[in-house]
Structure formats: C-alpha cells, structure tokens
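Q: Please take a close look at one helix in this structure. I would like to know how it is placed relative to the rest of the chain.

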Amino acid sequence: MADDMDVRDDARDARDAQDARDAQEDARDAVRDETAVSRFVERFAAQLTEAGMQRMAARVFAQLLASDGAAMTSAELGEALRISPAAVSGAVSYLTQVNMVSREREPGSRRDRYVLHNELWYETFTRRDQVLTLWEKTLREGAASLGPDSPAGARIAETAAFFEFLQHEMLGLLDRWRAHRATLDLG
C-alpha cells in the first residue's frame with residue numbers, strides 16, 4: 001500500500017514540476033516579442049550569409065540561437081521560420097557537418113531536437129585554429145617548393161607567417177575570453 005502511495009506521490013510531483021516548467025515557459029512567451037525575435041533572426045542570418053554561410057543554415061542557426069532552450073525540433077524550426085521540412089533538413093545537415101549543432105533524441109519521442117553546442121563560438125574558433133595550422137603547413141611547403149626568392153614563394157611564405165601569427169594570437173585571445181567569461185554575470 002505504501003509503495004502505491006509513493007508511486008502516486010512521485011507521479012504527482014512529476015506532474016507538478018512539469019506544470020511549473022510549462023507555466024514558466026508561458027510567462028516567458030508572454031513577455032517575448034516574437035516580431036522582434038523574428039527581425040533579429042533574419043538580420044543576424046543575413047549577416048551570417050554575407051560572411052559566407054548558406055542562407056537556410058544561417059536562418060536555422062540564428063533561430064536556435066534566439067530560442068531560450070537553444071534546441072528545437074524540425075517542426076518547430078519550420079514553423080518559426082516558415083520553411084519546409086526539406087529546407088530544415090538541408091540546413092541542419094550543413095550545421096551538423098560543421099559541428100555547430102548536434103542532433104539529440106527528444107526523451108520519450110521519436111523526434112529529434114537540434115541543439116546548439118555549449119561554448120559554440122569558442123569551439124568554432126578552436127576548429128578554425130586547426131584549419132589555420134593545416135593551411136600554414138601547406139603554405140610553408142608551397143613556399144619551399146616555389147623557392148623563397150621567387151615572388152610567388154615570398155608571397156606564400158608571408159601568407160604562412162600571417163597564419164602562424166594569427167594562430168598564436170587566436171590561442172591567447174581564446175584563453176583571455178575564458179578568463180573574461182568567468183567574470184561575467186550572464187544570469
């Protein structure tokens with residue numbers, strides 16, 4: 001008998017907790033200006049597109065960034081951005097490939113949620129640092145092949161030196177960011 005009461009109490013507690021989360025989400029939604037959010041998403045997505053990101057991927061990324069939970073289902077993304085499931089799928093495939101989002105199974109469901117990575121910008125720039133290392137190595141080999149005294153060899157050697165400098169500065173910058181981030185009150 002006591003076990004049955006414990007199970008019922010646990011179920012009631014779980015329902016109460018879910019009700020509290022739902023009420024909290026409803027309160028946030030009531031304050032949130034969806035038109036302003038949409039304007040932000042489109043403006044930031046346009047800037048990402050100008051910087052070279054695929055247009056739909058930029059829109060999906062900006063929408064995830066603007067969501068409180070940093071995670072949405074394909075249906076939620078399609079509804080928020082007014083795009084087709086195929087457009088969401090293509091954008092998510094790109095974002096997953098470049099490690100900007102991951103796919104997670106929604107608990108108790110067959111639906112996937114697309115989730116932004118923690119420390120997204122730090123991770124993105126760290127991966128960029130790895131690319132710079134590869135480019136620097138290839139450029140140094142190219143400069144050696146062309147000869148450092150040739151105009152092309154000198155230009156390529158200077159480009160390699162630039163990437164070496166950029167990589168060194170990026171590592172220091174990322175370390176300083178982590179220290180600075182620890183001092184921020186981000187609520």
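The helix to examine is α3, residues 55–66.

A: The model is a predicted one, and the description below starts with the chain and then turns to the helix. The chain has 7 helices and 3 strands, arranged along the sequence as α-α-α-β-α-α-β-β-α-α. Of its 187 residues, 26% are buried. Among contacts between residues at least 6 apart in sequence, 49% join residues at least 24 apart.

Helix α3 has 12 residues, which at 1.5 Å a residue should span 16 Å; the C-alpha atoms at its ends are 17 Å apart, in agreement with that value. Burial is counted as under 20% relative accessible area. Of the 12 residues of α3, 9 are buried, so the helix is largely enclosed by the rest of the structure. The buried residues are A57, A58, R59, V60, F61, A62, Q63, L64 and A66.

In general, nonpolar side chains in soluble globular proteins tend to be buried together. The largest nonpolar core here holds 27 residues, and M53, V60, F61, L64, L77 and L95 touch the most other members. At least two residues of this core come from each of α2 (34–50), α3, α4 (74–81), α5 (85–97) and β3 (112–116). The biggest contribution is that of α3, with 7 residues.

F61 shows which parts of the chain meet the helix. Apart from neighbours within four places in sequence, F61 is in contact with F44, L48, L95, M100, L116, L120 and W121.

L65 is also found in helix α3, but its relative accessible area is 33%, which means that L65 is partly exposed. Together with F40 and W121, L65 forms a nonpolar patch on the surface, and the three have about 260 Å² of accessible area together. W121 thus appears twice, as a contact of F61 and as a member of this patch. For the chain as a whole, the exposed area is about 12,800 Å², of which carbon and sulfur atoms supply 55%.

After the helix comes a loop that leads to β1 (71–73), and A70 lies in that loop. A70 has a positive phi of about 55°, although it is not a glycine. With 22% relative accessibility, A70 counts as partly exposed. R82, in the loop between α4 and α5, likewise is not a glycine and has a positive phi of about 55°. At 75% relative accessibility, R82 counts as exposed.

Methods: Residues are numbered from 1 along each chain as its sequence is written. This is a predicted model: local features need pLDDT of at least 70, side-chain atom pairs count only at pLDDT 80 or more; totals for chains, interfaces and linings use all residues. Side-chain values use heavy atoms; hydrogens and water are left out. A nonpolar core is a set of buried Ala, Val, Leu, Ile, Met, Phe, Trp, Tyr and Cys residues joined through side-chain atoms within 4.5 Å. Buried means under 20% relative accessible area, exposed over 50%, partly exposed in between (1.4 Å probe, protein chains only). Helices (H or I, at least four residues) and strands (E, at least two) are DSSP runs, numbered from the N terminus. Contact means heavy atoms within 4.5 Å. The expected span of a helix is 1.5 Å times one less than its number of residues. Accessible areas come from the Shrake-Rupley method with a 1.4 Å probe; for residues, only the protein chains shown count as cover. Patches are made of residues with over 30% relative accessible area and no salt bridge: like charges are joined within 9 Å, nonpolar side chains (Val, Leu, Ile, Met, Phe, Trp, Tyr) within 5 Å. A salt bridge is a side-chain nitrogen of Lys or Arg within 4 Å of a carboxyl oxygen of Asp or Glu.
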